[in-house]
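Student: I'd like a close look at one part of this protein, the place where its two domains meet. Could you walk me through it in one go?

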Amino acid sequence: MELNEAKLNELLGKVVTEMGAAANGPLILLGDKLGLFKSLAASGPMNSTELADETNTAERYVREWLSAQAASGYVSYDAKTNSFSMTPEQAAVFGDEKSPVFMTGAFYAITSVYNDAPKMEKAFKSGEGVAWGDHSTCLFCGTEKFFSPSYENNLVNHWIPSLDGVEAKLKNGAKVADIGCGHAASTIIMAKAYPNSTFIGYDYHLKSIEHARKSAAAAGLDNISFEVALAKDFPGSDYDFIAFFDCLHDMGDPIGACAHVKKALKPNGTCMIVEPFANDTLEENLNPVGRAFYAFSTTLCTPCSLNQEVGLALGAQAGEKRLREVATAGGFSRFRRATETPFNLILEARA
């Protein structure tokens, strides 16, 4: 077949962009770990010597690092003064860990994806799953680091108030379960915000629960506890509020999980399902957000589900329609989109 030169050049341009992005990923981690982004955001404009001195790093490496970030558009360069700085937007994405759009956590998780590529090669050939706990440990800190800023900025301020009557219950004192809590960023945020309520985080991954306990102890919280348990058989009943944060699609049997949650809730209780943002069809998800989530779903979410009982493998781009079908099959009769962000759907399910 004859090549269309214009289309070829367009594709090659995309691939070169991808090469640069992939090669720069480890540099983003270095910038985060060494405080390069944070220092530049707080003290810039600076040249490479000044940034190296402030961060106690080697100037020659910092000079090359700054050049790579400037070429990526992640920092700004002024040729007249030979100095580097960060715009408010660049600082929000890379230099401020409290920002709702702080993105470095994703690159820690991407490190896990590369480390675990041999496991995925075997899974592609066998069709078997890969357990969440069998991934590289950088996945767990990366997941927490990626989701925490959004939870910090949205959970108490926007998501819970969007639910029918839940905020008032939490302020007065409610019994709450956080299913698939992981390192418990979401559980701890809620426990701090609603001291009259009691929170229990459940996860099937022991090391995540151990980490969660340490984090809660460090925060000095006495209204929170954690247990190792599956979403289909976690203990307790008469919960006022039960939440899934970006994890229902990872479960082997999300319908069974919803059915158990419905039984564990009080008759007037509420289930909140926070899921990656997705539309209902593939063609609607062929965009940058969908692209990132489909990629993570291929190497993390889908193999995690396939490793479990049933293995429904919803994937990270299930969409509201499919999630409604899951919740309804689990016994919930009322289901609605309470609110959304560019990265999340916040869904409310009730009996």
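Student: To start us off, which side chain does Lys145 meet in a salt bridge?

Tutor: Lys145 pairs with Asp32, with 3.4 Å from N to O. Bear in mind that this is a predicted model. Lys145 sits in helix 8 (residues 138-159) and Asp32 in helix 1, so this salt bridge ties together parts that are 113 residues apart in sequence.

Now for the setting. The chain is split into domain 1, residues 5-95, and domain 2, residues 104-350. Their C-alpha centres are 33 Å apart. On the domain 1 side, nine residues make contact, and they touch seven residues of domain 2. Together the two domains bury about 680 Å² between them, and carbon and sulfur atoms give 60% of that area. Asp32 turns up again here: along with Ile28 and Leu29, it supplies 57% of the area that domain 1 buries against domain 2, more than any other three residues.

On to the charged and polar pairs. Two salt bridges are found across the interface of domain 1 and domain 2, while a search of the whole structure gives 16. Given the domain bounds, Lys145 falls in domain 2 and Asp32 in domain 1, and Glu18 and Arg291 are likewise split between domain 1 and domain 2. In the Glu18 to Arg291 salt bridge, the closest N and O atoms are 2.1 Å apart. As for polar contacts, three residue pairs qualify across the interface, both partners being at pLDDT 80 or more.

Which elements build the domain 1 face? Helix 1 (5-33) and helix 5 (88-95) are the ones that give two or more residues to it. Helix 1 has the largest share, with seven residues. Sorted by class, the domain 1 side that touches domain 2 has five nonpolar residues, one polar and three charged.

While you're in domain 1, have a look at a couple of backbone details. Most residues other than glycine have a negative phi, and most peptide bonds are trans. The bond from Gly44 to Pro45 is cis, with omega near 5°, and Pro45 is in the loop between helix 2 (36-43) and helix 3 (48-55). Asn56 has a positive phi, near 55°, although it isn't glycine. You'll find Asn56 in the loop between helix 3 and helix 4 (59-72).

Over in domain 2, there's a record to go with the model: an unreviewed UniProt entry lists residues 171-285 as "domain: Methyltransferase". In the model that span is 30% helix and 30% strand, and its end C-alpha atoms lie 37 Å apart.

Terms used
Residues numbered from 1 in each chain as written. Predicted model: local features only at pLDDT ≥ 70, side-chain atom pairs only at ≥ 80, totals over all residues. Heavy atoms only, no water. Domains from an automatic or database assignment. Contact = heavy atoms within 4.5 Å. Buried area = accessible area lost by both parts, 1.4 Å probe. Salt bridge = Lys/Arg side-chain N within 4 Å of Asp/Glu carboxyl O. Polar contact = N/O pair within 3.5 Å; in protein donor to acceptor, adjacent residues only side chain to side chain. Helix = DSSP H or I, 4+ residues; strand = E, 2+ residues; numbered from the N terminus. Nonpolar A, V, L, I, M, F, W, Y, C, P; charged D, E, K, R; others polar. UniProt positions renumbered as here; feature names shortened; annotations may be inferred.
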